[in-house]
Amino acid sequence: MIESDVLVIGGGLAGATAALSAAREGADVRLVSHKESTLRNASGLIDVLGYHDGDLLADPFSTLDNLPEGHPYERVGAEAVEDGLALFDEVLGDLYAGSHTEKNALVPTTGGAVKPTARYPKTVAPGLASDTNEMLLVGFETLTDFDAPLAAEHLENAGVPFEVRGVTARFPMLRADAKITRYAKVLDTNEKGIRSQLVEAIKPHLGDAERVGFPAVLGHDHPEKVREALGRELGAEVFEVPSGPPSLPGMRLENTLFAALREAGVTIETGNPVVDFEDSNGRIDHVKVKRTHQHVPYFANEFVLATGGLVGKGITSSREGVREPVFDLHIPHPENRYDWFEDDAFGDHPFARFGVAVDTDLRPRDSAGAVEFENLRAAGGVLGGADFAAEKSGSGISLATGQFAGKRAAQQS
Amino acid sequence: MASQTAVLVIGGGSTGCGIARDLAMRGVDVTLVEQGNLTHGTTGRMHGLLHSGGRYAVSDQKSARECIEENRILRDIAAHCVEETGGLFVKRPEDTEEYFQKKLDGCRACDIPAEVLTAQEAREVEPYLAPDIAKAIWVPDGAVDPFRLCVANAASAEQHGGRVLTHAPVTDLLVEAGEVVGAKIRHEPGPRNDSAGEIETIYADHVVNATGAWAGRLGDMAGVDIEVRPSKGVMTIMNVRQVDTVVNRCRPKGDADIVVPHETTCILGTTDEEVRDPEKYPEEQWEVDLVIDELTKLVPILGEARTIRSFWGVRPLYEPPEVGSADPTDITRDFFLLDHAERDGLPGMTSIVGGKFTTYRMMAESISDHVCGKLGVRASCETAQVPLPGSEDFSVLHDYMDEFGLRSPVGRRSVQRLGSRADDVLKTDAPNPVLCECEGVTRAEVQDALTHSGTDLNAVRIRTRASMGNCQGGFCCQRLASELHPDHDEETARTSLDELYQERWKGERHALWGEQLSQAALNHALHAATLNRDGDPAKAGTPDWNAFDGGEL
């Protein structure tokens with residue numbers, strides 16, 4: 001029989017954090033995840049809160065207590081955010097920066113805007129926009145998400161306090177439609193002396209630049225080695241400009257988190273979906289995991305649902321309405337689907353807030369406000385009440401609620 | 001500024017472009033003006049059906065005969081715009097045997113090849129037909145890319161000395177001594193338009209009003225009454241081709257009775273509702289639901305399939321005022337030539353109203369004959385024989401994959417889109433990565449489109465199909481905008497990006513459930529969270545940099 005103290009459903013940032021914090025409380029923890037984690041699609045930046053009511057925040061913690069009732073941060077409180085970040089810093093300490101201050105950092109995007117974030121990979125650190133050192137951005141003709149000269153001009157138009165130029169180079173060796181993992185691989189292994197070839201191509205453009213930004217492809221397994229080698233030959237600091245899917249910083253984060261989970265004794269199972277459950281007396285008894293053609297019961301004392309939001313398919317929808325597919329939890333939403341969106345592409349879309357509504361113990365509540373199951377908590381993107389994209393709060397919500405849910409679950413088990 | 005032309009054609013849809021080409025080939029000095037992009041109006045908002053005529057074979061046999069005749073010609077002269085899909089009229093149990101027989105007899109009476117298929121034979125053609133479809137009639141319907149076709153006509157007009165102006169709305173018609181003598185147009189920012197902001201007065205020996213649903217407005221400028229009755233219809237786009245054949249329902253006129261395979265998608269249509277204003281009308285949820293629910297009866301998997309967006313078009317319906325049909329579906333699809341000298345005592349202008357996309361060339365021929373009669377030009381029409389640019393030598397559609405270093409589907413589809421222009425566009429020394437993964441559009445194609453599109457990324461989109469797939473531009477809008485730089489500055493590229501992203505969102509809003517809502521949430525995350533385009537300091541104002549983390553010392 002498959003049995004654990006705590007069963008975590010979902011392998012993204014919230015699920016991993018929940019499993020890790022439950023394991024650290026001494027619980028026997030199992031994590032089941034259906035598909036490849038959405039972490040590999042995220043930029044790898046850890047946003048806590050960048051905007052409130054449209055205002056850019058230098059200090060996210062000054063505003064955490066002002067969020068409306070039902071926002072995930074309001075549910076768990078600022079302390080849970082601190083705890084979540086502390087856990088993250090402890091696990092990712094060598095790979096991330098930003099813990100030296102409560103202030104947000106402003107990180108250049110591939111489009112040439114800047115975005116506020118609380119923690120950033122060390123590979124990104126020399127690129128911060130509040131630094132005044134002269135910057136050169138380098139794009140590759142074949143990596144189409146990053147047009148360095150355009151991004152540089154955009155940063156200038158944003159009024160950054162440093163000189164910035166952009167140049168487009170040809171990346172040696174690879175075919176026009178090579179995947180970004182291929183770029184990372186050849187840099188990792190320094191195939192055919194690729195690093196020096198690259199440096200030679202860029203050097204004529206360096207000028208007085210003290211830092212040089214690349215698309216985030218500087219190695220999968222050995223990013224520090226790649227960055228150090230390029231930096232040494234160029235005589236400048238080298239950094240990455242993070243981007244959207246697929247994302248090497250996201251993959252590196254995923255690898256480190258899962259290594260930490262294994263080290264903490266968490267049993268990890270990926271590739272099989274949770275499709276059903278049995279309950280009695282207001283408690284989940286077991287869930288059913290679909291393995292090839294059979295439904296296998298997984299028993300646990302406590303359950304954490306961290307399956308993500310609309311993007312990760314933890315929330316689904318049809319013309320008839322919006323659903324949480326595993327436990328059929330209540331998702332508050334307007335009946336008419338034409339009330340799910342605004343006409344402006346960047347409007348205040350109701351769909352962006354779709355998710356389960358929870359009590360202050362993160363237990364999902366039904367349409368009448370009653371707790372659905374005593375031993376089920378929800379964490380991360382599956383929670384409603386926050387437009388994480390507009391707020392720049394997605395990772396922070398996952399860390400805070402994942403840590404909180406995992407700890408409570410372990411304590412209750 | 002002022003200019004002089006023999007014929008001024010107003011309207012850059014299929015009819016206007018067809019007339020411009022026809023007249024230019026006859027050696028007539030012609031200028032075409034269009035308020036937006038080519039196909040800005042009805043032409044750009046049709047479902048892409050190349051009629052076999054089967055659709056009109058019972059109700060309007062004159063139209064049906066014209067359709068099959070033009071269908072054959074277009075497959076010949078516009079091969080790179082047409083996909084010969086074939087079409088089925090399928091009979092559900094509740095559709096009458098009597099009508100099925102009428103349809104078959106009608107097709108045969110109109111010289112439309114038609115063949116009755118048993119249920120089993122029909123499913124061999126289209127495996128996803130509903131199990132209770134009893135039988136079907138096969139006809140030579142096809143799919144056509146209206147934009148490609150219009151562009152080819154405009155290009156041909158130019159090659160024969162014509163002048164084509166887009167982004168040039170007419171601000172006034174010039175009426176002197178009781179005669180139309182030309183028009184004033186305003187040059188707006190757009191491709192190849194260095195005169196933005198200027199007003200140009202174009203004097204013409206004759207003016208042709210080919211503005212479709214907008215014809216009444218142009219008539220108002222000259223003080224004549226043209227009662228076009230605009231009728232809106234929804235088209236809902238699926239993310240893949242559930243069918244490879246046009247599927248029509250075999251019953252008398254009705255809403256929601258056709259599925260057209262188009263490139264990588266299927267288009268479901270449509271509704272028919274009279275509206276007052278061809279530009280402002282409600283786009284309603286019931287229309288989207290109706291086409292999906294009704295067409296699911298023909299092809300059940302449509303009910304579960306992913307819808308990526310919906311758009312609406314307005315038909316420029318016209319009937320002589322004395323007919324007075326109450327229901328827009330009763331109004332004839334035939335076209336009318338209004339000679340304003342005869343009709344209103346106002347010489348110098350002819351309007352063309354009504355009609356169908358499939359017969360655009362025939363309409364153009366008829367108008368051109370009329371105009372040539374007025375001008376005393378004797379040259380005859382050659383548009384039915386001479387292939388359009390891009391279709392001259394279609395044998396280039398061979399295997400380009402190795403040649404261009406592209407993976408197979410990308411190469412094949414690029415060549416299909418470009419026709420005989422493929423060599424010119426794709427043979428580049430620079431790396432040619434894919435910019436739009438959903439539709440397999442490479443940088444070379446986008447760069448080629450940009451030479452005709454100025455800073456208008458929507459014009460690039462309709463030339464290449466970039467941003468028209470599953471992600472609705474979520475992944476590629478930014479890349480397309482980057483191609484504007486450094487020829488254009490950052491702010492221009494950003495504005496064009498915002499316009500394209502908003503345009504994509506406009507249609508996608510009507511498909512926000514299931515997979516597409518997940519996609520919309522992903523796009524929102526990418527553009528707002530990862531790229532921070534909603535809080536971009538270049539727009540929102542420069543932050544106090546010192547208040548933020550400057551990095552660890």
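**Close-up 1. P146(B) is a buried residue of chain B in this predicted model.** Its relative accessibility is 10%, and P146(B) therefore counts as buried, the cut-off being under 20%. P146(B) belongs to helix α5 of chain B, which covers residues 146–159. Leaving aside residues up to four places away in sequence, P146(B) touches T39(B), T43(B), M46(B), H262(B) and F357(B). C81(B) lies 65 residues from P146(B) along the chain, and the C-alpha atoms of P146(B) and C81(B) are separated by 7.5 Å.

**Close-up 2. Strands β3, β8 and β4 of chain B form an open sheet of three strands.** The order of the strands is β3-β8-β4, and the pairing is antiparallel. The edge strands are β3(B), residues 49–50, and β4(B), residues 82–83, each of which pairs on one side only. Strand β8(B) spans residues 142–144 and is joined to β3(B) by two bridges, the two strands running antiparallel. Within this pair, A143(B) of β8(B) stands opposite L49(B).

**Close-up 3. Strand β20 of chain B is largely enclosed by the rest of the structure.** This strand covers residues 349–354, and six of its six residues are buried, so the surrounding structure largely encloses β20(B). Strands of a sheet pair through backbone hydrogen bonds, either parallel or antiparallel. Strand β12(B), residues 199–209, pairs with β20(B) in the parallel sense over three bridges. One bridge partner in β20(B) is S351(B), which is matched with N209(B). Strand β19(B), residues 335–339, runs antiparallel to β20(B) and is joined to it by five bridges. Here I352(B) of β20(B) is the bridge partner of L337(B).

**Close-up 4. Helix α9 of chain B has 16 residues and is followed by a glycine with positive phi.** The helix runs over residues 360–375. From its first C-alpha to its last, α9(B) reaches 22 Å, close to the 22 Å expected at 1.5 Å a residue. The buried residues of α9(B) are Y360(B), R361(B), M362(B), M363(B), A364(B), I367(B), S368(B), V371(B) and C372(B). Just after the helix, G376(B) takes a positive phi of about 75°.

**Close-up 5. Helix α12 of chain B is mostly covered.** The helix spans residues 443–453, and eight of its eleven residues are buried. The buried residues are R443(B), A444(B), E445(B), V446(B), D448(B), A449(B), L450(B) and S453(B). Just after α12(B) comes G454(B), with a positive phi of about 60°.

**Close-up 6. Four strands of chain A form an open sheet with parallel pairing.** The strand order is β10-β9-β11-β12. Strands β10(A), residues 164–169, and β12(A), residues 237–241, stand at the edges, each with a single partner strand, so one side of each is left without a neighbour in the sheet. Neighbouring strands of this sheet are turned by 25° against each other on average, direction ignored. Strand β9(A), residues 135–140, pairs with β10(A) in the parallel sense over six bridges. In this pair, T168(A) of β10(A) is the bridge partner of G139(A). Helix α4(A), residues 148–157, lies across β9(A) and β10(A) and runs at about 170° to β10(A).

**Close-up 7. Helices α5 and α6 of chain A pack against each other.** Two packed helices are described by the angle between their axes and the distance between the axes. For α5(A), residues 180–189, and α6(A), residues 194–202, the angle is about 105° and the axes are 7 Å apart. Helix α5(A) is therefore roughly perpendicular to α6(A), a term that covers angles of 65 to 115 degrees. Helix α5(A) makes the contact through V186(A), L187(A) and D188(A), and α6(A) through I194(A), R195(A) and L198(A). The residues of this contact divide into four nonpolar, no polar and two charged.

**Close-up 8. S395(A) is a buried residue in a helix of chain A.** The helix is α10(A), residues 394–412. With 14% relative accessibility, S395(A) counts as buried. Not counting residues up to four places away in sequence, S395(A) touches L13(A), L45(A), I46(A) and D47(A).

Note on methods:
Residues numbered from 1 in each chain as written. Chains lettered and ligands numbered in written order. Predicted model: local features only at pLDDT ≥ 70, side-chain atom pairs only at ≥ 80, totals over all residues. Heavy atoms only, no water. Buried < 20%, exposed > 50% of the residue type's maximum accessible area, 1.4 Å probe, protein only. Pairing = 2+ DSSP bridges. Expected span 1.5 Å × (residues − 1). Axes fitted to C-alpha atoms, helices over the stretch in contact; angles between N-to-C directions. Parallel < 35°, antiparallel > 145°, perpendicular 65-115°, else oblique. Contact = heavy atoms within 4.5 Å. Nonpolar A, V, L, I, M, F, W, Y, C, P; charged D, E, K, R; others polar.
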